[in-house]
Amino acid sequence: MIELEGLVRRYGEREALSDVSLSLQAGQTLVVFGPNGAGKTTLLRVLATLLRPHDGEVTVLDRRLPDEAWAVRGRVGLLGHESLLYRELTARENLRFHARLHDLDLQRVDELLAAVALTDRADEPLKSLSRGMVQRAAVARATLHDPELLLLDEPFSNLDPAAVELVAPLIGAESKRTRVISSHDPSGGLAQADLVLGLRDGRVALLRAATDVGPEEIVELYR
Amino acid sequence: MRRTVGALLRKELLVELRTLESVPGMSLFAVTTFVVFHFALNQNTVSGDEAAGILWVTLLFAAMLGVNRLFVADQDQGGFDAFLLAPVDRTAMLLAKAIALLAYLAVLELIAVPAFGLLLLAPPLSQTMPDLLVVLVLADIGIAAIGTLVAALAVQTRARDLLGPLLALPLLVPVVIGAARASSPLLVLTHSSGPQGRWLATLALYDLVFGLIAYAVFDFLLED
């Protein structure tokens, strides 16, 4: 599903990711830990085809990047720090826009709005909704096209416990999708993970099965 | 492709309708500039080359306001990323943005050209309008093609407000020259001929060349 071999990504002279190698099977969840600036978001953006790898081999959904990025787009759902939704448009208008881009039946929009409990507020501009509601709309946007691979950058930030439960069928373990999640929550992250990646300054500091990692090792990454 | 362009264009126009960030500013700028010219030149009416120059320079600078805003919502609110993640032809965004810019220019000219006729132009607009319309359409296509290309490039830089006009204005000089020369014979009191054919041909050729260049390079502008 995902194979990385010596992945390097730079911003100017600085290496944001340096010699990152791992393998993730279909249906598994990789949770990425690391302090701010460790390279978590960069890794997700490389996997999403939004950033080109500068060195190494990257295979996502059995397609090599960047050459076959066209075949990966549309099969990936990205939930990042930004909602990727227009503030002036309503949740329904935003999701309909994305449905048209992904050539989906507009009926799917109503299903997703109901799934994230936004039907009642679906026709209000996004700028008038709370951050938690916008995050729920973003979850609906990321899963609208039923992606095989979910790339989730701190997906539960801004969500209260009830909302976390609400979106679990879409982006949680119950979704049965392959997931790459970046997290700062050792116990919550480990509970989701099959494989744990710890990054520090763009380098792999920890890569092990989740069953072999304790929360204290995650906390150590941040020291 | 048509569905994608339609979706992008619909989104574009909806965002503009909600924010009113481009068209009102462009129109207000043009009308204000005509008022300033009216007093600065100390003339009640202008005609010929002078009228053509005032009209096209004003429309060009008003258009730059729209060009500068063209990709701002996409850049600031993640619309670029969302579009890049979709399995669609990226040229659709070029087409949708260029059509949206054309629509903005059309609304601008619906307001600015009558204002020009009222404030500065010597011959009645009704006399010049049918021929002037051809020049407006050809010039607008050029502005839309070049404006979209330059806006896509500039928006990814920190100095986008400065870089957009700096890149666009030199490229748009031939459009202004062609449009002014083509419309100059129309803006005289006793005009008997239509717009000069060679300047219309020049404008059409320039539109075609920059349309093709924009089509060829737009994908690369969106790439990381």
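**Reading the sheets, a covered helix and the contact side**

Visitor: Where should we start?

Guide: With a four-stranded open sheet in chain A, its strands in the order 2-1-4-5 and paired antiparallel. Keep in mind that this is a predicted model.

Visitor: What makes strand 2 and strand 5 of chain A the edge strands?

Guide: Strand 2 (14-24) and strand 5 (63-65) each pair on one side only. Neighbouring strands in this sheet are turned by 30° against each other on average, ignoring direction.

Visitor: How do you know that strand 4 and strand 5 of chain A pair?

Guide: Pairing takes at least two bridges. Strand 4 (residues 55-60) and strand 5 of chain A are joined by three, so they count as a pair, and they run antiparallel. Within strand 5 of chain A, Arg64(A) is the residue that Thr59(A) stands opposite.

Visitor: What about the other sheet, in what order do its strands come?

Guide: That one is open too, with six strands of chain A in the order 6-7-8-3-9-10 and mixed pairing. Its edges are strand 6 (76-79) and strand 10 (203-209) of chain A. Here the average turn between neighbouring strands is 15°, direction ignored.

Visitor: Why do strand 9 and strand 10 of chain A count as paired?

Guide: The cut-off is at least two bridges; strand 9 (residues 195-200) and strand 10 of chain A have six, in the antiparallel sense, so they pass. Arg200(A) stands opposite Arg203(A) in strand 10 of chain A.

Visitor: Which helix lies across strand 8 of chain A?

Guide: Helix 1 (residues 40-47) of chain A, running at about 150° to strand 8 (178-182). The strands it lies across also include strand 3 (29-33) and strand 7 (149-153) of chain A.

Visitor: Why is helix 3 of chain A called mostly covered?

Guide: A residue is buried if 20 or more other C-beta atoms lie within 10 Å of its own. In helix 3 (residues 91-101) of chain A, 10 of the 11 residues are buried, so "mostly covered" fits. Among them are Leu95(A), Phe97(A) and Arg100(A). The cover includes helix 4 (107-115) and helix 5 (131-143) of chain A, together with helix 1 and helix 5 of chain B. Just after helix 3 of chain A, Asp103(A) has a positive phi of about 55°.

Visitor: How many residues of chain B are in contact with chain A?

Guide: 21 residues of chain B, in contact with 22 of chain A. Helix 1 (2-19) of chain B gives the largest share of chain B's side, eight residues. That side divides into 11 nonpolar, five polar and five charged residues.

Terms used:
Residues are numbered from 1 along each chain as its sequence is written. Chains are lettered from A and ligands numbered from 1 in the order in which they are written. This is a predicted model: local features need pLDDT of at least 70, side-chain atom pairs count only at pLDDT 80 or more; totals for chains, interfaces and linings use all residues. Two residues are in contact if their C-beta atoms, placed from the backbone, lie within 7 Å. Helices (H or I, at least four residues) and strands (E, at least two) are DSSP runs, numbered from the N terminus. Ala, Val, Leu, Ile, Met, Phe, Trp, Tyr, Cys and Pro count as nonpolar, Asp, Glu, Lys and Arg as charged, and the others, Gly among them, as polar. Axes are lines fitted to C-alpha atoms, for helices over the stretch in contact, and angles run from 0 to 180 degrees between N-to-C directions. A residue is buried if 20 or more other C-beta atoms lie within 10 Å of its own, exposed if 12 or fewer, and partly exposed in between; C-beta atoms are placed from the backbone.
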